[in-house]
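Me: Please take a close look at one part of this structure and go through its contacts with the rest. Give the cut-offs as you go.

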Amino acid sequence: MQSWKHLNTLDALVVALCRDYVRRQVAISKGGMSKRTLTEYKYLNSSIFEAVSEIVGEFDAKIYIDEIGGMIGYAKSEFGYRMSEGTYKSYKRNITYNIAKKLHLAD
């Protein structure tokens with residue numbers, strides 16, 4: 001498993017945004033925040049979900065978001081039995097880049 005100090009800053013930002021996905025989702029459902037904060041939470045979560053779905057489809061998107069946020073590798077992944085390690089790592093690399101693109105953090 002990679003540690004935080006081995007990630008570049010953009011990867012670390014994407015990991016942190018994925019790690020915070022569930023908290024934002026819960027806050028969206030509960031409400032009780034400013035309209036601006038609610039808008040930002042919705043924007044972040046929908047952009048992340050869309051970026052992941054474009055690579056692996058909607059069915060697997062949440063699992064990849066959780067695994068990227070939790071820095072879970074192939075050995076502990078829910079996908080370990082469904083695909084090769086190379087394919088899994090390629091998906092995660094492409095997903096991370098696609099999230100950064102969707103959030104306009106990279107070109």
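Reply: What follows is an account of helix α3 and its surroundings.

The model is predicted, so local features are given only at pLDDT of at least 70 and side-chain atom pairs only at pLDDT 80 or more, while totals for chains, interfaces and linings use all residues. Residues are numbered from 1 along each chain as its sequence is written, and side-chain values use heavy atoms, with hydrogens and water left out.

Helix α3 runs over residues 35-56. Helices here are DSSP runs of H or I with at least four residues, numbered from the N terminus. α3 has 22 residues and spans 31 Å from first C-alpha to last, close to the expected 32 Å; the expected span is 1.5 Å times one less than the number of residues. After α3 comes Gly 57, with a positive phi near 90°.

The inward side comes next. Buried residues of α3 are Tyr 41, Asn 45, Ser 47, Ile 48, Ala 51, Val 52, Ser 53 and Val 56. Buried means under 20% relative accessible area, exposed means over 50%, and partly exposed lies in between (1.4 Å probe, protein chains only). These buried residues pack against α1, α2, α4 and α5, where contact means heavy atoms within 4.5 Å.

On the α2 side, the residue to look at is Arg 24, which sits in that helix (residues 21-30). Arg 24 counts as buried because its relative accessibility is 2%. Setting aside residues up to four places away in sequence, Arg 24 touches Tyr 41, Leu 44, Asn 45 and Ile 48, as well as Leu 17. Its side chain makes a polar contact with the side chain of Asn 45 at 2.7 Å. A polar atom of the Arg 24 side chain also lies 2.9 Å from the backbone oxygen of Leu 17. A polar contact is a pair of N or O atoms within 3.5 Å; within protein, one must be able to donate a hydrogen and the other to accept it, and residues adjacent in sequence count only if both atoms are side-chain atoms.

α3 also contributes to the largest nonpolar core, which has 23 residues. Such a core is a set of buried Ala, Val, Leu, Ile, Met, Phe, Trp, Tyr and Cys residues joined through side-chain atoms within 4.5 Å. Elements giving two or more residues to this core are α1, α3, α4 and α5, and α4 gives the most, with five. Ile 48 and Val 52 are among the residues with the most contacts inside the core, as is Ile 95. Beyond its neighbours within four places in sequence, Ile 95 contacts Val 52, Ile 55 and Val 56, together with Tyr 64 and Ile 68.

Charged pairs complete the picture. A salt bridge is a side-chain nitrogen of Lys or Arg within 4 Å of a carboxyl oxygen of Asp or Glu, and the count is eight. Arg 36 pairs with Glu 40, with the closest N and O atoms 3.1 Å apart. Arg 36 and Glu 40 are four residues apart in α3, so about one helical turn separates them. Arg 36 is exposed at 61%, whereas Glu 40 is partly exposed at 31%.

Lys 102 has two partners in α3. The salt bridge between Glu 50 and Lys 102 is 2.9 Å, N to O; this pair links α3 to α5 across 52 residues. Glu 54 and Lys 102 meet at 2.8 Å, N to O. Because Glu 54 is in α3 and Lys 102 in α5, this pair ties together parts 48 residues apart in sequence.
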